[in-house]
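Reader: I have a model open and would like to go through some of its backbone details with you. Could we start with the unusual torsions and then move on to a helix and a hairpin?

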Amino acid sequence: MMYSSKMILLTVTLMLALTGVALGDEQHRDSAARAAARAAAGSNRAVTEDAAYWNQLGQQLVLDELGKQRINSQAKNIIFFLGDGMSISTVTAARIYKGQKAGKLGEEEQLYFDRFPYTALSRTYCTDAQVADSACSATAYLCGVKTDTDTIGIDANVEFNNCTTQLDPAFHVDSVMSWAQAANKGTGIVTTTRVTHATPAGTYAHVANRDWEDDYAQSFDGVDSTICDDIAEQLVLSNPGKNFKVILGGGRAYFTPRTMTDIETGAAGRRRDGQDLIGQWVADHPTGKYVTSRDELVNLDVAGTDSVLGLFSPAHMEYFLESSAANNPTLEEMTRTAIQMLQKEANGYVLLVEGGRIDQAHHDGRAKLALEEAFQFDLAIAAALNMTDPADTLIIVTADHSHTMTINGYPDRGNDILGLVGYLATDLKPYTTLSYANGPGSVNGYLGGVRVDLTDVDTTADSFRQPALVPLSSESHGGDDVAIFALGPQAHLFQGVYEQNYIAHVMGYAACIGPGVKFCDMEGGNADEYHNRIPLHTARSKNQNRAENKEDAVFWKGTAQALLQKELDKKPIEAQAKNIIFFLGDGMSIATVTAARIYKGQKAGNTGEEEQLTFDKFPYTALSRTYCTDAQVADSACSATAYLCGVKTDIDTIGLDSNVIYKNCSTQNEKANQVSSIMAWAQAANKGTGIVTTTRVTHATPSGTYAHVANRDWEDDYAQSLDDGVDSTTCDDIAEQLVRNSPGKNFKVIMGGGRAYFTPQEQQDPETGAAGRRLDGVNLVEEWKTKHPKGKYVTSKNELDKVDIATIDELLGLFSPAHMEYFLESSAANNPTLEEMTRIAIQMLQKETNGYVLLVEGGRIDQAHHDGRAKLALEETIQLDLAVAAALELTNTEDTLIIVTADHSHTMTINGYPERGNNLLGLSGDMGNDGKPYTTLSYANGPGFNTTFDENGTRIDLTNVNTTADGYLQPSAVPINSETHGGDDVAIFAIGPQAQLFQGVYEQHYIAHVMAYAACVGDGLKFCDAKTSSSSRTIVVPYALFAKIVMVTIAVIDCHVKDCKIIETETDCKGSGDG
């Protein structure tokens, strides 16, 4: 069997499933199964990843950030890399895939653009659509104007399929290529798709239907091709396309007539008008060169050629894993040639490079091909980095839209990203780590109404289609934000959350081209087979669901220019952070952020997509890599240890490094294995500390501030009693550690749920009358009250409202026996909101003369996702956002650093092609291949499976189902009692002193080191130790620490010459060979 190495694990999992045993945290991975996994798989780690390793790496990352210098000059050149459909989950998976191809575990690997100094998030919706296509998005990031789906280079005044409005120049919007040519710069495009496809067409075309790539396609829509130029014509005959110095990609057949046969395949051309547009291009470029094969391209006389047209396939170029090397140059090879050609331009150049088949592999449901295409895309970026100088070349890497692929389950560290998770679903069958919300892979999900058993299937094969929930011929795009990575002049203008059209305006500013503000001024019928999104039997009509503003070119240019000016005025707050408020949205994936934003707007009666969350407006953003030392997909325990203690560790353990043995009390008690948190560091600096959560205060996230425990489930001695051999008299449970040990016993504020974990079984709960849980007979609440004579204990909102903050020193609020209620199901009398608790906590801590550190967790976002109840998860996110808004209101960003992030992702996707303003909780508007509708939101796995399929395994018709109800379970593809976490990167949002240190892609543990640096706490680098001047900053580092940093840097950085340029972007790291 393929997975015989995991037989022990699968056997134990099977036994647990058959017997119905459920141990440990009811919404997370089963502890017994986890123990079996460790016994079967051993320790999957790259090196000895203990506290010393992570602390040294964290300190080095801080030093790297402190050494980062803006390149505040004009960009002579711009290279814009577009990974079509390169969602953040694709980036994460490609990173792992790259590492595993090299024989590593994978999770610790870096893509070249992971190392870029600046990151941001891009909001991709279009003027008429909740989920973008590549046409409207290309118009946004290339022309600076959002528009309707399926249209290119025109604003939203143009009607889909309407040739007359397409011809109106008032509705045309020019691209960055037109701006560049007006400034006498060279221009070019490189793609692995047809050069007439949506993304490259965005550089030169103005068209009312993206499918009008030639006149044959126009004929299906009754368009007079003699009046309305098709895309291929516009490339060869019109500005700016005819002036491109480089055109490389596929699509020969779209340029040749039916009477001409293809030189490679012998098939006829597609054009009905008899035009030979290739011949026309050759005639118009007498010093140019037309090439059709890899050999011709690599042997091109660049010096003797003024322009090059390379069409290497009649249609799209082949997938890399299926390509013929003789005919198909790689994306890297095309990129190298393009740059060599354009480097002859005295005034510089603008180049678009598209990894276009990432998207199409996703549409095909073939994740391996998508990841390989992303890997090839990364190699092209590496080539660009080696051939250019970041002092004069701005390189941007981004995506046009997302896809529905998720990284799901709880695979071990180093588990094959293309393989099975290693755990069985409730139907006792395994499932893949990667899966889709919809697509052709449904045949590998269900066959004859039964979920397919993949045990003996080679899921790593090139041809394998990852399982999908909804049967579609072509998997759909996703609606979540995508990332922007930037390096070079003015790259620092990408540090926040932006509308996608902002990108073009930054390029115009940086290169001093186009009509907007410039840096120089400051100184002085053939429907696309992958994108057929029209509902069955439904005609396309103009969508009127728009925001109240007229969202035409004037609107989008005006808002982007205003935002650009705001970015130019942005100044980092170079000061010590007296206070830190750390907001943790548990399980708040980037898809959750996007969905919550829309949900917030729709609650207010708007279309929703244009809404902003409070933390969307924060000036700095980054991405956090969440894997743990032994797990590909994190839980809230190991992740809490990372971002609160600065050390990554094993899953299910808290406040300990990876030397600890899971469930082993002796190793838990070893001081050498314990790691202290930001709260301990703050208390050592005489700062006040506190925690606020909507979960139990002994749950994984809050306990990361104070506990050292070898099993996250040991919240009380009753939980310990379920594990044989644990002596609760020698191994303190989490509740005990909070009340009796430092730093927990010194907290000024503790608010959340979990009363029963502090009271003995002999005592009844004051609200429910149920017995407490403790076996040792101890009442820890009373113990806390005794130790804090000037403190106040409250159990309800009414009691909290009556607290006299001025007269008390500490506050303990336990508002529920277990977790606090979901907001939509809560009793206002008993449950204060997260915002209310946050306000009280800040008011309590503001009495601290030396400042404070406060953790605020929106913990039930995660649990609602586990329950498969997306509406509840989004409402919990809104409540977190209200708490963030309250913190901003009550504090001063000049002395208070506020960070908002998540511990891990979830498997919820925004899928299909819903129109702008479509109810996010409703149906997408499209039909599956089975003739039934599907929801916009769905999960890769979870309890919603039972609302997705009937007893015969047939997908349930949701036409008359109220999918917006609070209790509705979103559909899921794999039956699991509790939906799992996701493995993709999560976002970091920051404002306040030293917030500018969050601008890249980081290991999650880096967060704690930044907090310590900013607040001058802990034993690592501190802002207070830095000597600054207007021109430089000197960091005072103890020699021993410096030596360790140097050693770990040498150990962990594989500094090839091409990598050095990325890692040391401000140095002249030169050499030869691969040493």
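Author: Gladly, and please keep in mind that this is a predicted model. A good place to begin is K663, which counts as partly exposed because its relative accessibility is 24%, where buried would require a value under 20%.

Reader: What is the phi of K663, and where does the residue lie?

Author: K663 takes a positive phi of about 65° even though it is not a glycine, and it is located in the loop that runs between α20 and α21 (665-669).

Reader: And what about N161: which loop is that in, and how accessible is it?

Author: N161 sits in the loop between α5 (134-143) and α6 (163-166), and with a relative accessibility of 28% it counts as partly exposed. N161 is not a glycine either, yet its phi is positive, at about 70°.

Reader: Let me go back to α20, then. How many of its residues are buried?

Author: Helix α20, which spans residues 636-645, is mostly covered, with 10 of its 10 residues buried. Among them are C638, Y643 and L644.

Reader: What covers them?

Author: The elements covering the buried residues of α20 include the helices α3 (51-66), α22 (678-684), α23 (700-703) and α31 (1006-1015), together with the strands β20 (579-585) and β34 (981-982).

Reader: Which atoms come together at the start of α20, and what happens just after the helix?

Author: At the start, a side-chain oxygen of D635 comes to within 3.3 Å of the backbone nitrogen of A637. Just after the helix, G646 adopts a positive phi of about 80°.

Reader: Changing topic, which residues does a cis peptide bond join?

Author: One cis peptide bond joins N239 and P240, with omega at about 0°, and P240 belongs to the loop between α10 (231-237) and β4 (246-250). Another joins S742 and P743, with omega at about 5°, and P743 belongs to the loop between α25 (734-740) and β23 (749-753).

Reader: Last one, the hairpin: is β11 enclosed or open, and how does β12 run against it?

Author: Strand β11 (residues 420-424) is largely enclosed by the rest of the structure, because 5 of its 5 residues are buried. It is joined by 2 bridges to β12 (residues 430-432), and the two strands run antiparallel, with L420 standing opposite T432. The hairpin has 5 residues between the strands, and within this hairpin L428 takes a positive phi near 65°.

Methods
Residues numbered from 1 in each chain as written. Heavy atoms only, no water. Buried < 20%, exposed > 50% of the residue type's maximum accessible area, 1.4 Å probe, protein only. Helix = DSSP H or I, 4+ residues; strand = E, 2+ residues; numbered from the N terminus. Contact = heavy atoms within 4.5 Å. Polar contact = N/O pair within 3.5 Å; in protein donor to acceptor, adjacent residues only side chain to side chain. Pairing = 2+ DSSP bridges.
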